[in-house]
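Colleague: Please choose a single part of this model and take me through it slowly, explaining each term as you reach it.

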Amino acid sequence: MSVLIYTENAEGKFKKSIFEAVSYARAIADQANTSLVAISIGNVNADQLSALGKYGADKVLNVSNDKLKNFINQAYASVIAEAAKKENANIVVLSNSFSGRGLAPRIGAKLEAGVADGAVSLPEISGDKFTVKKTAFSGKAFATVQLTSPNKVIALTPNSYQVVEKQAAGKVEDFTVENKESDFKAMIKEIVRSTDKVSLPDAEIVVSGGRGLKGPENWGMIEELANLLGAATACSKPVSDAGWRPHSEHVGQTGIAVSPNLYIAIGISGAIQHLAGISSSKVIVVINKDPEAPFFKVADYGIVGDAFEVVPKLITAVKEYKASA
Amino acid sequence: MKILVCISNVPDTTTKITFTDNNTQFNTNGVQFILNPYDEIALSRAIELVEGGKGTVTAINVGEVNTEATIRKALAIGADDAVRVNAKPHDAWFVACQVAQYAKQNAFDLILTGRESIDYNGSKVAGMLGELLDIPSVSIIKKLDVEGDKGTVEREIEGGKEVLVIPFPFVAGTAEGVAEPKIPNMRGIMSARTKPLNVIDAVEVKTFSEIISYETPAPRGQVKLVQADESGKLITLLHTEARVI
């Protein structure tokens, strides 16, 4: 028995959400008193691979071949499922990223495993009973799901488990799998990734704007505040529906669910659909000129005031704080 | 071109979520059920793609008789026919196995699902279907175009996008951006009553997961207000008290 963690890379680098997932998988391996094997697919350098040991991987399987350089859902799922079989891993852990959401169900189907997507805490294991808490109803609730199959797949929600560092280095081994030709039917035509912006799903701080900002031309101060804080920018549904901001920034029940350490809502009233997408944020700040805005009821900190007066003051304060830090 | 769209029946987005029976059952009392918003996007795009006699759209739902209002809505929006697999949708694996069974018997070029249902948010049916049918699947797409026997999709990735060309047949989970949800017109609503809605029996499936309880997020404490003219103090509080910056 062992636990297998798939360590997804972006342009050859691992993100914090992956270190969280490795730490999480390590804790599961400890619960089950077994070892943790990591698998990396694509071109990641040896230093980065062995550094996974720091987060608890006993061994790192490195799959590096040209056909698997970029993410192909079907092919990657085959490789990970094969690795699970070879390593006798009965639990496969992934990050619940965009790619992870494509992989988890395919791996689950291949291994006849129950799949817990969007996990938010460590499993509880007592005897044969294996349960995991996951988000449900788009963040309005949590469900505890029992995985009843011998094999299990768990996809961890980013920002829901602390990174744990240890003094260790993982042993890196090359790993090869013969993929079926039919695994490569999907062809990648183009990849566009902006590396200068913080990506919303795994951002630790999110600065979000709503209709109270009156128009897309007023987003400059939102972006400036976000840049200063190292935050991602987001928006409410009416804003993306109006085309002020792209759909990829829409946070809420029918958009993206986020769980940052800090969510700053500016000019957003706090409709139930929006609150669903942000309810697992650790600290919520609300800035709204309407003291009756429902958002204040779920906020930790609030400022009742006009965004056009408050946000510039915040920008000045962050600059001062950064200068003194 | 034959397109199959998987639809689910979910609580309306404005629903306040509560539970009964010692937090083991979702309280459906007074809850209005709707066509899952992401499935509505899938369906709307499917209808656009076959416009002008270029193919057919079949909607499939795994559910008991109470989901028929939602299925009729899909027909009113413009699906040509619909299938209801008569069973409680136990989990994603159960649903995927039912849809796969139907898809094997009725060859489709394209199978669309919403990126996730807004009740259990699994994003799993598309991938499981892909695996069961041994065809490509792409989980969250923002754009879908078709040319000949291939589809071009734009997939969301952290901080960007990826464009893929995939030969038919394949499965895709649609998100916002793929299409504007179509609103049924009067003619659609009238014709939906007479469009075929076939009810079929479920196949037996060994399931691997079970929801055993629910909880709602812990309530937050009282909001701490900072005066607007002293807004800068908020940054100090976030640093020294909340310790998040």
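Modeller: What follows is a close look at the place where chains A and B meet.

This is a predicted model, in which local features need pLDDT of at least 70 and side-chain atom pairs count only at pLDDT 80 or more, while totals for chains, interfaces and linings use all residues. Residues are numbered from 1 along each chain as its sequence is written, and chains are lettered from A and ligands numbered from 1 in the order in which they are written.

On the chain B side, 65 residues are in contact with 83 residues of chain A (two residues are in contact if their C-beta atoms, placed from the backbone, lie within 7 Å). Several elements of chain B each supply at least two residues to this side, among them α4 (125-133), β9 (137-147), β10 (150-157) and α6 (232-240); helices (H or I, at least four residues) and strands (E, at least two) are DSSP runs, numbered from the N terminus. The largest share, 8 residues, comes from β11(B). By kind, the side of chain B that touches chain A divides into 32 nonpolar, 18 polar and 15 charged residues, where Ala, Val, Leu, Ile, Met, Phe, Trp, Tyr, Cys and Pro count as nonpolar, Asp, Glu, Lys and Arg as charged, and the others, Gly among them, as polar.

The two chains also join through strands, which pair if DSSP finds at least two bridges between them. Strand β8 of chain A, residues 141-147, runs antiparallel to β14(B) over 6 bridges, and within this pairing A:A143 has B:Y214 as its bridge partner.

Elsewhere, 6 strands form an open sheet with parallel pairing, in the order β13(A)-β12(A)-β14(A)-β15(A)-β16(A)-β15(B). At its edges stand β13 (232-235) of chain A and β15 of chain B, each with a single partner strand, so one side of each is left without a neighbour in the sheet. Inside the sheet, β15 (283-288) and β16 (301-304) of chain A are parallel over 4 bridges, with A:V286 opposite A:G302.

Both chains contribute to the largest nonpolar core, of 133 residues, whose members with the most contacts inside it include A:I5, A:V92, B:V5 and B:A59. Such a core is a set of buried Ala, Val, Leu, Ile, Met, Phe, Trp, Tyr and Cys residues joined through C-beta atoms within 7 Å, and buried means that 20 or more other C-beta atoms lie within 10 Å of a residue's own. A second, separate core of 52 residues includes A:L262, A:I284, A:F295 and B:I245.

Definitions and conventions:
Buried ≥ 20, exposed ≤ 12 C-beta atoms within 10 Å, placed from the backbone.
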